[in-house]
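Trainee: I would like to learn how to read a structural model feature by feature, taking the general idea before the particular case. Could we go through one together?

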Amino acid sequence: MQFHAQQAARAMILLGFSIMIYSMHFTDKIYLFINPKYSLLSQAAAFLFLILFFIQITRVWTVKSSDDHASCSHGDQCCSHDDHEHHHDHGTTPFTAKKLISYSIIVLPLLTGFMLPAKVLDSAVADKKGAMLSIAGSSKSGQGSPGTNETAEQADSLGTGDEGQQPEEGYPQADLTEGTGTATGYENLMTDEEYNKKMKELETGSTILFNDSIYSSYYEAISSDIDKFQGRKVSLYGFVYKEEGFSEDQLVVSRFLVTHCVADAGIIGFLSEFPDAAKIEKDTWIKIEGVIETGSYMDTPLPLVRVSKWEISEEPESPYLYPVSIKRN
């Protein structure tokens, strides 16, 4: 039997990708990278890598033959030295610098996936994405933020810290049962009836509760018609974002909306004003209550929350928002 090191390396790479994706699902870290509605697709990819690994493992050992090309199963037309060199590689040709570069590019995602901890997007990323330009653009265009055109959000509850934790006293009780799936990821799926009911609550509720499952739809509606919601009381939850040019009493209570994966994540949030804003550091998670007014950024009107009550909270297990997917019968 003849052992082929390059074929073995390819097999281990395939196995590595399969293990990495499965481990991300097992630990729920996968939801820091993708929208949970793609969870089954991701699992299918891991399964496909596993199948390819078992196919590849059959090529690691071959029967040694005195014929230099006995291991080639493609016929005489492809078994010359030139064909091996220029058409395809059976994993038996010498290891070259070009191959080293190719293998390194493929292995790099594996190394980063296993060795580097998954990180939640924060205000540093928001800075790079031009957070306030995005928020101001949402109000100017009346179209919410990136991804809201799919139909809206997630499944945690506003005014709470970690999922399942009771809201602090003084904060409106939000629906703690919204959403499906694991604690850190769920497919944000609603029927037309459910979605319309929640949107009706935006018009009729005494306090607008920004539950994760409907956050971006509420955000879009308020941003597109600020005057309609002037004076309405709101309760929401997010991390603190600040930008140069803000006054000491200003900050943005922000969330990242993930449409497909973190690469397309866009920030949404409300410019908020209250005297204690200067004391709160960036990326601190807070709950606020307040009243909607009209503010501005670079001469663009946008909704502003005049905060009457606030408190520091824990980062939630599910930090991202996901657009609503409408379930069609």
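Mentor: Let us start with the overall make-up: the chain holds eight helices and eleven strands, and the model is a predicted one. Of the 329 residues of the chain, 48% count as buried, and among contacts between residues at least 6 apart in sequence, 74% join residues at least 24 apart.

Trainee: How should I read the nonpolar core, and which residues have the most contacts inside the largest one?

Mentor: The general idea is that, in soluble globular proteins, nonpolar side chains tend to be buried together. Here the largest nonpolar core has 64 residues, and I208, F210 and L236 are those with the most contacts inside it. The element that gives the most to this core is strand β5, residues 233-241, with six residues. There is also a second, separate core of six residues, among them A8, A11, L14 and L15.

Trainee: Turning to empty space, which residues lie closest to the centre of the largest pocket?

Mentor: In general, rolling a probe the size of a water molecule over the atoms shows where empty space is left. In this model the largest pocket holds about 510 Å³ of space, and of the 24 residues that line this pocket, M24, K29, F33, G113 and A118 are the closest to its centre. Helices α1 (5-27), α2 (39-57) and α4 (97-115) are the elements that give two or more residues to the lining. Sorted by class, the lining of the largest pocket has 17 nonpolar, five polar and two charged residues.

Trainee: Next, the backbone angles: which sign of phi do D283 and D299 have?

Mentor: The background is that most residues other than glycine have a negative phi. D283, although not a glycine, has a positive phi of about 70 degrees, and it lies in the loop between β7 (266-273) and β8 (285-297). D299 is likewise not a glycine and has a positive phi, of about 65 degrees, in the loop between β8 and β9 (300-312). As for their surroundings, D283 is partly exposed, with a relative accessible area of 30%, whereas D299 counts as exposed at 79% relative accessibility.

Trainee: Is N35 buried or exposed, and what does its side chain reach?

Mentor: N35 lies in the loop between α1 and α2, and it counts as buried because its relative accessibility is 2%, the cut-off for that class being under 20%. The side chain of N35 reaches the backbone oxygen of V258 at 3.4 Å. Not counting residues up to four places away in sequence, N35 touches V258, T259, H260, Y322 and P323.

Trainee: Why can helix α8 be called largely enclosed by the rest of the structure?

Mentor: Helix α8 spans residues 215-224, and seven of its ten residues are buried, so it is largely enclosed by the rest of the structure. The buried residues in α8 are Y215, S216, S217, Y218, Y219, I222 and S223.

Trainee: What is P303 in contact with, leaving aside its neighbours within four places in sequence?

Mentor: P303, found in strand β9, is in contact with S139, I222, S223, I226, F270, L271 and E293 when those neighbours are left aside. P303 counts as buried, at 4% relative accessibility. The C-alpha atoms of P303 and I135 are separated by 9.6 Å, although these two residues are 168 residues apart along the chain.

Definitions and conventions
Residues numbered from 1 in each chain as written. Predicted model: local features only at pLDDT ≥ 70, side-chain atom pairs only at ≥ 80, totals over all residues. Heavy atoms only, no water. Core = buried A, V, L, I, M, F, W, Y, C linked by side-chain atoms within 4.5 Å. Buried < 20%, exposed > 50% of the residue type's maximum accessible area, 1.4 Å probe, protein only. Helix = DSSP H or I, 4+ residues; strand = E, 2+ residues; numbered from the N terminus. 1 Å grid on protein atoms, 1.4 Å probe; cavity = no way out; pocket = protein on both sides within 12 Å on 5 of 7 lines; lining within 4 Å. Points joined across faces, edges and corners; volume = space filled by probe spheres on them. Nonpolar A, V, L, I, M, F, W, Y, C, P; charged D, E, K, R; others polar. Polar contact = N/O pair within 3.5 Å; in protein donor to acceptor, adjacent residues only side chain to side chain. Contact = heavy atoms within 4.5 Å.
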